[in-house]
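Reader: Please take one part of this model, the pocket, and look at it closely. Then work outward to whatever packs around it.

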Amino acid sequence: MLLSHNPNNAGRYSRFVEKSFSYGNENELTEKVLHIIKNERIDLVMPYDEIETRTIRKNQHLFLPYSYIVTGN
């Protein structure tokens, strides 16, 4: 699963990515992540972009009841 601000992210063509999602701006990212975690039953979140990492870390208390979060130190 891939979530990116870029709907044409090259990662969506990876054989390891079954579905991809995009978001329009940083303000809707938290709700989008929470929606995807719940509906797709995501058990591990690993953000790799600065925007996603910052937002996930800031709001991890919302995601932790549903998924593990890996953001590094």
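Author: A pocket here is an open set of grid points where a 1.4 Å probe fits, with protein on both sides within 12 Å along at least five of seven lines. The model is predicted.

The largest pocket has a volume of about 440 Å³. Its lining has 17 residues. Met 1, Leu 2, Leu 3, Val 45 and Met 46 lie nearest the centre. Four elements give two or more residues each to this lining: strand S1 (2–4), helix H1, strand S3 (44–45) and helix H2 (50–58). H1 provides the largest share, four residues. By character, the lining divides into 15 nonpolar residues, one polar and one charged.

Next, the core. The largest nonpolar core holds twelve residues. Leu 3 and Val 45 are among them, and both also lie nearest the pocket centre. The other members are Tyr 23, Leu 29, Val 33, Leu 34, Ile 36, Ile 37, Ile 42, Ile 56, Phe 63 and Ile 69. Helix H1, residues 29–40, gives the largest share of this core, five residues. H1 thus has the largest share of the pocket lining and of the core.

Phe 63 is a core member placed in helix H3. It counts as buried because its relative accessibility is 0%, and the cut-off for buried is under 20%. Beyond its neighbours within four places in sequence, Phe 63 touches Thr 30, Val 33, Leu 34, Ile 37, Ile 56 and Ile 69. Take Val 33 from that list. Phe 63 and Val 33 are 30 residues apart in sequence, yet their C-alpha atoms are 8.3 Å apart.

Now H2, one of the lining elements. Its buried residues are Glu 52, Thr 53, Thr 55 and Ile 56. They pack against S1, H1, S3, helix H3 (60–63) and strand S4 (68–69). Ile 56 belongs to the core and is in contact with Phe 63. Asp 49 caps the N-terminal end of H2. A side-chain oxygen of Asp 49 lies 3.3 Å from the backbone nitrogen of Ile 51.

S1 also gives residues to the lining, and Ser 4 sits in S1. Ser 4 is buried, with a relative accessible area of 3%. A polar atom of the Ser 4 side chain lies 3.0 Å from the backbone nitrogen of Asn 6. Farther along the sequence, Ser 4 is in contact with Asn 9, Phe 21, Ser 22, Tyr 23, Tyr 48 and Glu 52, leaving aside neighbours within four places. Glu 52 is one of the buried residues of H2. Tyr 23 is one of the core residues.

Two loops join these elements. Asn 8 is in the loop between S1 and strand S2 (20–22). Its relative accessibility is 54%, so Asn 8 counts as exposed. The C-alpha atoms of Asn 8 and Ser 22 are separated by 8.8 Å, and the two residues are 14 apart along the chain.

Arg 41 is in the loop between H1 and S3. Arg 41 also counts as exposed, at 76% relative accessibility. Its backbone deserves a check. Most residues other than glycine have a negative phi. Arg 41 is not a glycine, but its phi is positive, about 55°.

How values were computed:
Residues numbered from 1 in each chain as written. Predicted model: local features only at pLDDT ≥ 70, side-chain atom pairs only at ≥ 80, totals over all residues. Heavy atoms only, no water. Core = buried A, V, L, I, M, F, W, Y, C linked by side-chain atoms within 4.5 Å. Buried < 20%, exposed > 50% of the residue type's maximum accessible area, 1.4 Å probe, protein only. Contact = heavy atoms within 4.5 Å. 1 Å grid on protein atoms, 1.4 Å probe; cavity = no way out; pocket = protein on both sides within 12 Å on 5 of 7 lines; lining within 4 Å. Points joined across faces, edges and corners; volume = space filled by probe spheres on them. Nonpolar A, V, L, I, M, F, W, Y, C, P; charged D, E, K, R; others polar. Polar contact = N/O pair within 3.5 Å; in protein donor to acceptor, adjacent residues only side chain to side chain.
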